[in-house]
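Q: Please take a close look at one part of the model shown below. I would like the local backbone, the aromatic contacts and the surrounding core treated together in one connected account.

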Amino acid sequence: MHNIYNILSDIDILNDETKRMNCPNCGGYKTFTVSNSMGRLLWNCYKASCNVSGSKSVHLSINDIKRTLRKEEKKSQHFAMPEYIVPYKGQPEINRFMERFDLMGGLHHDVKDNRVVFPIVHDGITVDAIGRSLRNSLPKWKRYGNSGLPFTSGCGKIAVVVEDCVSAVIVGSDVYVGVAVLGTSLSDIHKRYLSQFSSAIVALDPDALPKATEMCNDLRSVVETVRVIRLSDDLKYKSPNDIEKLTAIGDELNGNSINT
Ligand SMILES: [Zn+2]
């Protein structure tokens, strides 16, 4: 084991990097991997007969941390809309979709796959896009980039976590930011994004109430005040009952943030 530590200390491995090499224990050809995950060194040999594995904390240099952040930024900023996605200019398919949900502009059209495309814009930069099929093909929602970021709409101080882009657009305003997570669970990237808010409302579709409670607990680790709203219908259908409930919680949260 002493040997392993010596070898590990000689390996120059950056955060987020994995190296593969011959196993110092069993001699297996490239069966030994070492990876660095935010300052946690993990090593393992893939040979069943070899029991070398372990982990240990290592020092992350400031440069290492900076490089990781830069790499993540680049990853999310390096996105170009594919050429088969064109801006909305009165396409009948998009018109029908917009009329159905009472949406304004800002949409694009994937002409190859016939999808209505919602660009994901963060800090004024299009970092990704999500397209909903207009002909019931699968997947219903398709992501074009790999930012992992949620689709958002609106510029308010309260995040409203919803399942899909249409609901996010409908709820987004100068009070709320609709945050579409495209599912019923939160990724680390979602949580990092949501951590900038001090209040959030979880408004998943009615059939996902147990998931909503789970998500609410998960969110409390990064957002100070989290509430769950019991919807009677998907938010995108704008049931007056639901909008009223949402407004009431929003007013209450806003009142709190003004008083404190
Ligand atoms: Zn081995």
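**From a loop residue to the core**

A: K238 has a relative accessible area of 34%, which places this residue in the partly exposed class (buried is under 20%, exposed over 50% and partly exposed in between, with a 1.4 Å probe and protein chains only). The model is predicted, so local features need pLDDT of at least 70 and side-chain atom pairs count only at pLDDT 80 or more, while totals for chains, interfaces and linings use all residues. Residues are numbered from 1 along each chain as its sequence is written, and side-chain values use heavy atoms, without hydrogens or water.

The backbone of K238 has a positive phi, near 50 degrees, although the residue is not a glycine. K238 is located in the loop that runs between strand 14 (225-228) and helix 7; helices (H or I, at least four residues) and strands (E, at least two) are DSSP runs numbered from the N terminus.

Another residue to set beside K238 is N114, where phi is also positive in a residue other than glycine, near 45 degrees. N114 belongs to the loop between strand 6 (108-110) and strand 7. With a relative accessible area of 17%, N114 is buried, whereas K238 is partly exposed.

The aromatic contacts come next. Six aromatic pairs are found when the whole structure is searched (ring centres of Phe, Tyr or Trp, the latter by its six-membered ring, within 6.5 Å; stacked under 30 degrees between planes, edge-to-face over 60, tilted otherwise). In the case of F97 and F118, the ring centres are 6.4 Å apart and the planes meet at 75 degrees, so this pair is edge-to-face. Because F97 belongs to helix 3 (residues 92-101) and F118 to strand 7 (residues 115-122), their pairing ties together parts that are 21 residues apart in sequence. Both F97 and F118 are buried.

F97 and F118 are also members of one aromatic cluster, together with F101, W141, F151 and Y237. W141 lies in strand 9 (141-143), and the loop between strand 8 and strand 9 contains P139. The peptide bond that leads from L138 into P139 is cis, and its omega is near -5 degrees.

The cluster shares residues with the nonpolar core. The largest such core has 31 residues, and F118 and F151 are among those that touch the most other members, along with L103, V160 and I201 (a core joins buried Ala, Val, Leu, Ile, Met, Phe, Trp, Tyr and Cys residues through side-chain atoms within 4.5 Å). At least two residues of this core come from each of helix 3, strand 7, strand 8 (125-133), strand 11 (158-162), helix 4 (165-171), strand 12 (176-180) and helix 7 (240-259). Helix 4 makes the greatest contribution to the core, five residues. In soluble globular proteins, nonpolar side chains tend to be buried together.

Taken together, F118 appears in the edge-to-face pair with F97, in the six-residue aromatic cluster, and among the residues of the core with the most contacts to other members. Helix 3, which holds F97, supplies at least two residues to that core, as do strand 7 and helix 7. The loop of K238 runs between strand 14 and this helix 7.
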